[in-house]
Amino acid sequence: MIEQTELTNVKLKDYGFLDCMYRDSYFPKFLVDKCKNILVNMCGTIETETPENLEELYKITQSATDKLNDLEDEFFENNSEIETGARECLGANFAYISEAYGFDADVEELIATRNW
């Protein structure tokens with residue numbers, strides 16, 4: 001697992017990952033932390049694997065999306081869910097990340113494997 005401060009991309013090193021979810025008490029902070037860790041690790045993978053095209057990027061982002069899908073039951077168990085607000089927040093974060101790495105990606109394709 002990588003720490004955010006270890007990222008080499010300056011735009012992401014201090015980025016407020018999932019601030020929109022952290023500000024909403026509907027989402028348990030420890031679960032938002034798990035979501036954030038998935039995104040930070042996805043950034044680490046992008047930096048390590050340096051995808052050369054959108055197809056390679058989408059494989060990385062969709063793998064992260066699958067990990068977010070795996071948290072769905074945990075959200076339900078804590079009287080929460082990955083719903084509209086979370087979807088928008090997560091989508092915006094995926095879009096920002098892809099842009100920070102120089103990609104002009106389709107947000108829906110970035111998170112195409114989502115259950116939420």
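Student: In this predicted model, what makes the link of Cys20 and Cys89 right-handed?

Tutor: The angle about the S-S bond is 85°, and with that value the link of Cys20 and Cys89 is right-handed.

Student: Why is the pair Cys20 and Cys89 called a disulfide?

Tutor: A pair of cysteine sulfur atoms counts as a disulfide when the two lie within 2.5 Å, and the S to S distance from Cys20 to Cys89 is 1.9 Å, so the pair meets the cut-off. Cys20 lies in helix α2 (residues 19–22) and Cys89 in helix α6 (residues 84–100), so the disulfide ties together parts that are 69 residues apart in sequence.

Student: Why is Cys89 called buried or exposed, and how is Cys20 classed?

Tutor: Buried means under 20% relative accessible area, and Cys89 has 3%, so Cys89 counts as buried. Cys20, at 33% relative accessibility, falls between the limits of 20% and 50% and therefore counts as partly exposed.

Student: How do you know that Cys35 has no bond to the closest cysteine sulfur?

Tutor: The closest cysteine sulfur to that of Cys35 belongs to Cys89 and is 9.1 Å away, which is too far for a bond when the cut-off is 2.5 Å. The sulfur of Cys43 likewise has its closest cysteine sulfur in Cys89, at 14 Å, and this too is too far for a bond. Cys35 has a relative accessible area of 0% and is therefore buried, and Cys43, at 0% relative accessibility, also counts as buried.

Student: Why is the contact of Glu74 and Lys34 called a salt bridge?

Tutor: The rule asks for a side-chain nitrogen of Lys or Arg within 4 Å of a carboxyl oxygen of Asp or Glu, and the N to O distance for Glu74 and Lys34 is 2.6 Å, so the pair qualifies. The salt bridge links distant parts of the chain, with Glu74 in helix α5 (residues 72–77) and Lys34 in helix α3, 40 residues apart.

Student: What makes Arg114 and Glu108 a salt bridge?

Tutor: Their closest N and O atoms are 3.3 Å apart, which is within 4 Å, so Arg114 and Glu108 form a salt bridge. By this rule the count comes to 2 salt bridges.

Student: Why does Glu52 count as exposed, and where is its place?

Tutor: Exposed means over 50% relative accessible area, and Glu52 has 71%, so Glu52 counts as exposed. Its place is in the loop between α3 (29–49) and α4 (54–69), and Glu52 gathers with Glu49, Glu55 and Glu56 in a patch of negative charge on the surface.

Conventions:
Residues are numbered from 1 along each chain as its sequence is written. This is a predicted model: local features need pLDDT of at least 70, side-chain atom pairs count only at pLDDT 80 or more; totals for chains, interfaces and linings use all residues. Side-chain values use heavy atoms; hydrogens and water are left out. Patches are made of residues with over 30% relative accessible area and no salt bridge: like charges are joined within 9 Å, nonpolar side chains (Val, Leu, Ile, Met, Phe, Trp, Tyr) within 5 Å. Accessible areas come from the Shrake-Rupley method with a 1.4 Å probe; for residues, only the protein chains shown count as cover. Lys and Arg count as positive and Asp and Glu as negative; His and the chain ends are not counted. The place of a charge is taken as NZ of Lys, CZ of Arg, CG of Asp or CD of Glu. Helices (H or I, at least four residues) and strands (E, at least two) are DSSP runs, numbered from the N terminus. Buried means under 20% relative accessible area, exposed over 50%, partly exposed in between (1.4 Å probe, protein chains only).
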